[in-house]
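Biologist: I should like to go through this structure with you, one question at a time. Please explain each term when it first appears.

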Amino acid sequence: MSQLLVDRSESAVFQGTWEQRLEQVRQMMLEMSLQTDPQAMVERYGTRVRKLMQYDGLVAVSRRGVAAPRYKITRSHLWGLDFDPWRNADRLPVLQGGILGQLLYAGLPKYLPELHVEPDDPAAEHLAGMGSLFAMPAYDAGKALNMTILMRRQPDGFDRERLPEQLWLSGLFGRVTHNLLLSRQLKEAYEAVDRELKLVGDIQRSLLPE
């Protein structure tokens, strides 16, 4: 799988004049508007966001469908951007406790400029080698059900002045992705109904006398 690690040839921000940066953002919004599948949206957005904010690792966690204090890891830089958590729900690790569990159930954005991971942390392999992280909750019905964690290898590796805007963008992207997921599920449900109706129609026709 392709890695989520940042290409260091890319800048942390869009380059050029304000007109050029505006055009780059316009192109990104245009590309996002063409996506109809949530996984494709994540892959495209993940590629684009590297130009906005450098990171060395990414982990996404969710408490949907599990009882507290458990949570699922839905994405990791160890797996690559092309891993679809919705198609592989049975493969998602379910964990409890540790840094990620504390952050998710606190439900607040959190910047840890000095990241220290205990060897027995259940998510230690996903945090290994990282020196700082920024946790961004995604709210649904007033609850932080999902969270994205960006990480840098060096301590205090993020520009603190840009963190509020990054949280804003992440939240908006989360809502768009959730809506696309609902749309995909609805489409698949309609297709299943169509198949059932066709099967019923075939059975009924086979019972009619010639």
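Biologist: Which residues of helix α3 are buried?

Modeller: This is a predicted model, in which local features need pLDDT of at least 70, side-chain atom pairs count only at pLDDT 80 or more, and totals for chains, interfaces and linings use all residues. Residues are numbered from 1 along each chain as its sequence is written, and side-chain values use heavy atoms, with hydrogens and water left out. Helices (H or I, at least four residues) and strands (E, at least two) are DSSP runs numbered from the N terminus, and buried means under 20% relative accessible area, exposed over 50%, partly exposed in between (1.4 Å probe, protein chains only). In helix α3, residues 98-106, the buried residues are Gly98, Ile99, Leu100, Gly101, Leu103 and Leu104.

Biologist: Which element supplies the largest share of the largest nonpolar core?

Modeller: A nonpolar core is a set of buried Ala, Val, Leu, Ile, Met, Phe, Trp, Tyr and Cys residues joined through side-chain atoms within 4.5 Å. The largest has 21 residues, and Leu100 is among those with the most contacts inside it. At least two residues each come from β1 (57-62), β2 (70-76), α3, β5 (132-140) and β6. The largest share, four residues, is supplied by α3.

Biologist: How many residues are in the other core, which lies apart from it?

Modeller: Its members include Tyr55, Tyr111, Leu150 and Leu163. Tyr111 is buried, with a relative accessible area of 14%. The number of residues in this other core is eight.

Biologist: What is the geometry of the aromatic pair of Trp79 and Phe83?

Modeller: Rings of Phe, Tyr and Trp (its six-membered ring) pair if their centres lie within 6.5 Å; planes under 30 degrees apart count as stacked, over 60 as edge-to-face and the rest as tilted. A search of the whole structure finds two such pairs. For Trp79 and Phe83, the centres are 4.9 Å apart and the planes are at 55°, and the pair is tilted.

Biologist: Why is the pair of Tyr111 and Phe158 edge-to-face, and how many residues apart in sequence are the parts tied together?

Modeller: The ring centres of Tyr111 and Phe158 are 6.1 Å apart and the planes stand at 85°, so the pair is edge-to-face. Phe158 counts as buried, at 7% relative accessibility. Because Tyr111 lies in strand β4 (residues 110-112) and Phe158 in the loop between β6 (143-152) and α5 (163-207), the pair ties together parts whose separation in sequence is 47 residues.

Biologist: Is Leu207 buried or exposed?

Modeller: Leu207 lies in helix α5. Its relative accessibility is 68%, so Leu207 counts as exposed.
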